[in-house]
Amino acid sequence: MKILVCISKAPDTTSKIAFTDNNSKFDENGVQFIVNPYDEWYALVRALEIKEAGGGNVTILNVGGADNDPIIRKALAIGADDAVRIESSTEDALSVAKQIAEYTKQNTFDMVFCGKETIDYNGSQVAGMVAELLNVPFVSLASKLSLSGNTATIEREIEGGVEVVEVTTPFVISAAKGMAEARIPNMRGIMAARTKPLTVLPAYSSQNATKVKAFTLPPAKSACKFVDASNVEELVSLLHNEAKAI
Amino acid sequence: MAEDRFQAPDYYNLDELLTEEHKLIRETVRAWVKKEVSPIIEEYAQKAQFPKQIIAGLAEVGGFGPYIPTEYGGPGLDQISYGLIMQELERCDSGVRSTSSVQSSLVMYPIWKYGNEEQRKKYLPKLATGEFIGCFGLTEPDHGSNPGGMITNFKDMGDHYLLNGAKMWITNAPIADIAVVWAKNEQGRIHGLIVERGMEGFTTPETHDKWSLRASVTGELVFDNVKVPKANLLPNKSGLGAPLGCLDSARYGIAWGAIGAAMDCYDSALRYSKERKQFGVPIASFQLTQKKLAEMITEITKAQLLTWRLGVLRNEGKATSAQISMAKRNNVDMALKIAREARQIHGAMGITGEYSIMRHMANLESVVTYEGTHDIHLLITGMDVTGLSAFKNDGTQF
């Protein structure tokens, strides 16, 4: 099986979030980036498990600049065989999906694995768009995937239960929690990643379909107010006048 | 123990001095520690047991001989990577770092540097995977700061050496498969010998009731007419400089490790002081708490810079023993002081196993003494700058 795993970078969850350019751009200054957890923990690790069980090849694909190379090397250290980075500064979902789809058309894969969303913009769009552009089936929010020949049985968590879907290759999935258990690279993997191929390709022609006008931060959390259990009047007054909940 | 919420301070953006691979190595060890060691370390320290189940994982993340070349089973990393691994291990517990330090710098290093090819091929790959655990015998009951006075000795019996003597305060001794032992030959010259568990007359009684490094095992090495094959003598270096070369490597790792312990204490104290309220406000808003925290981060930042520079010098093969002494002494002292201040910020909670502070503090009381005491390292610096030795005298005035 040839598996393409699409990875994106995301700010570490402890990062301080700030914006520049009239609140239209994320301020990356001092931010530490990681592999988007859904891409790493679930999409990549499940792909590696499939390769380890039945052979094949796992290729990492990233759309971005050279500053993404550290997260690509980490994916290689965890066990992917090779990597491709498409040199592009786009952040628009459709434009990213077009880059991935164009590359995938020219380099055949049996399966394309993405994470269910990035933990920064939470768009959940790219994987579905890639499938549409490739005209292949798409299964979102996959929490389990087993393979028999060219047929995959995939579980999806849905409201109140689980949906089981069957699909044949080629297809695209977006991976969610449950697909695999996160792996920590070892030193041999880190050393091997030094020499694994990372090919940089120029961007394919595409145009942004959307443009971010502004970001705003949620209001700061206010401190808890404690009301004495016997003081119902004050509680009602606070809920009515301050919280405006009743 | 509470959840490991550690976040590393980097006040001077020192990450910019590291390569991406250095950072990946550090994050890898940190993630492994948080997943595999932090949840159990307090329990094992309280029980005074070494968590043997971490050995395989410790090997996987480069804890055993990070700088040993790949041809001998090591990952072949540089000295800054070694330092970062020690920092992350000691961030969790000095005992875990000690196990790793001893295996790396005091067992694998001398076999790699002073051993022959057969010895390297025989022992290093198994030490790198943790299949073999090693220990290092230099200190004796009556010879600590003055190892050159050792009485452990060996005689050439023709087809083997006959080893007699005893070593004390030996990390890993009770669980070790091999020991690198320093002993004098009949001419009084110090040589290294590899002694294997199972050799007749070789025993490793455990040292009990320690208040420090409780999650690592310590013991003695007793040699009662032990027949050591001649093939087990390290042939490529002899004299006191041989074990001191190993100590240079280990002390360098300790200098990094101590920063880890200090960072953990600072990080915990900073978080606690912002969460803990007295007089209606977080205790972090009080001047005396801020003084403690500000001095902690200042000292950590200075130690980070010192150690990073020492790592660059080590990579270039230019670091002197005296420079390593300065870093070991400064950083362990810094960490110990920070642990004590952090304990105060945590109030009574600081003495419980809910927080790592008291464990770090007790551990560091060993670290400030082993691998050259705090005072001896000061005298090494003193000797280096004056050219005069203050820690040797002929005893005639007493």
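1. A contact here means heavy atoms within 4.5 Å of each other. With that in hand, a good place to start is Ala193(A): leaving aside its neighbours within four places in sequence, it is in contact with Arg73(A), Leu76(A) and Ala77(A). Please keep in mind as you read that this is a predicted model.

2. Where does Ala193(A) sit? It belongs to helix H5 of chain A, which covers residues 187–193. Buried means under 20% relative accessible area. Ala193(A) has 3% relative accessibility, so it counts as buried. For a sense of distance, try Gln207(A): it is 14 residues from Ala193(A) in sequence, and the two C-alpha atoms are 33 Å apart in space.

3. Now step back to chain A as a whole. You will find six helices and 13 strands in it. Its C-alpha trace spans about 70 × 45 × 40 Å along the principal axes. Of the 246 residues in chain A, 41% are buried. Among the chain A contacts with a separation of 6 or more, 71% are between residues 24 or more positions apart.

4. Helix H4 of chain A (residues 126–134) deserves a look from the end. Its residues Ala127(A), Val130(A), Ala131(A) and Leu134(A) are buried. Looking down the axis of H4(A), the buried residues fall within an arc of 95 degrees, so they line one face of the helix. What covers them? The cover for the buried residues of H4(A) includes helix H3 (93–106) and three strands of chain A, namely S8 (111–115), S9 (138–148) and S12 (171–175). Just after H4(A) comes Asn135(A), with a positive phi of about 60 degrees.

5. Over in chain B, start with helix H3 (residues 79–92) and helix H6 (residues 241–275), whose axes come within 7 Å and cross at roughly 45 degrees. That angle makes H3(B) oblique to H6(B). The crossing of the two helices is right-handed. Their contact involves 12 nonpolar, seven polar and three charged residues.

6. H3(B) also packs with helix H4 of chain B (residues 94–114): the axes come within 7 Å and cross at roughly 150 degrees. Angles over 145 degrees count as roughly antiparallel, and H3(B) and H4(B) are therefore roughly antiparallel to each other. On the H3(B) side you can pick out Tyr82(B), Met86(B), Leu89(B) and Glu90(B), which meet Ser94(B), Val96(B), Arg97(B), Ser100(B), Ser101(B), Ser104(B) and Ser105(B) of H4(B). By class, this contact has four nonpolar, five polar and two charged residues.

7. Stay with H4 of chain B for a moment, as Val102(B) is located there. Is Val102(B) buried or exposed? Its relative accessible area is 6%, so Val102(B) is buried. Not counting residues up to four places away in sequence, Val102(B) touches Val107(B), Gly134(B), Cys135(B), Phe136(B), Thr171(B) and Asn172(B). Ala2(B) is 100 residues from Val102(B) in sequence, with 29 Å between their C-alpha atoms.

8. Finally, find Thr307(B) in helix H7 of chain B, which runs over residues 287–315. Thr307(B) counts as buried because its relative accessibility is 0%. Which residues does Thr307(B) contact, leaving aside its neighbours within four places in sequence? They are Ala255(B), Trp256(B), Ile259(B) and Asn331(B).

Notes. Residues numbered from 1 in each chain as written. Chains lettered and ligands numbered in written order. Predicted model: local features only at pLDDT ≥ 70, side-chain atom pairs only at ≥ 80, totals over all residues. Heavy atoms only, no water. Axes fitted to C-alpha atoms, helices over the stretch in contact; angles between N-to-C directions. Helix = DSSP H or I, 4+ residues; strand = E, 2+ residues; numbered from the N terminus. Parallel < 35°, antiparallel > 145°, perpendicular 65-115°, else oblique. Left-handed = near helix turned anticlockwise from the far one by under 90°. Nonpolar A, V, L, I, M, F, W, Y, C, P; charged D, E, K, R; others polar. Buried < 20%, exposed > 50% of the residue type's maximum accessible area, 1.4 Å probe, protein only. Arc of directions from axis to C-beta.
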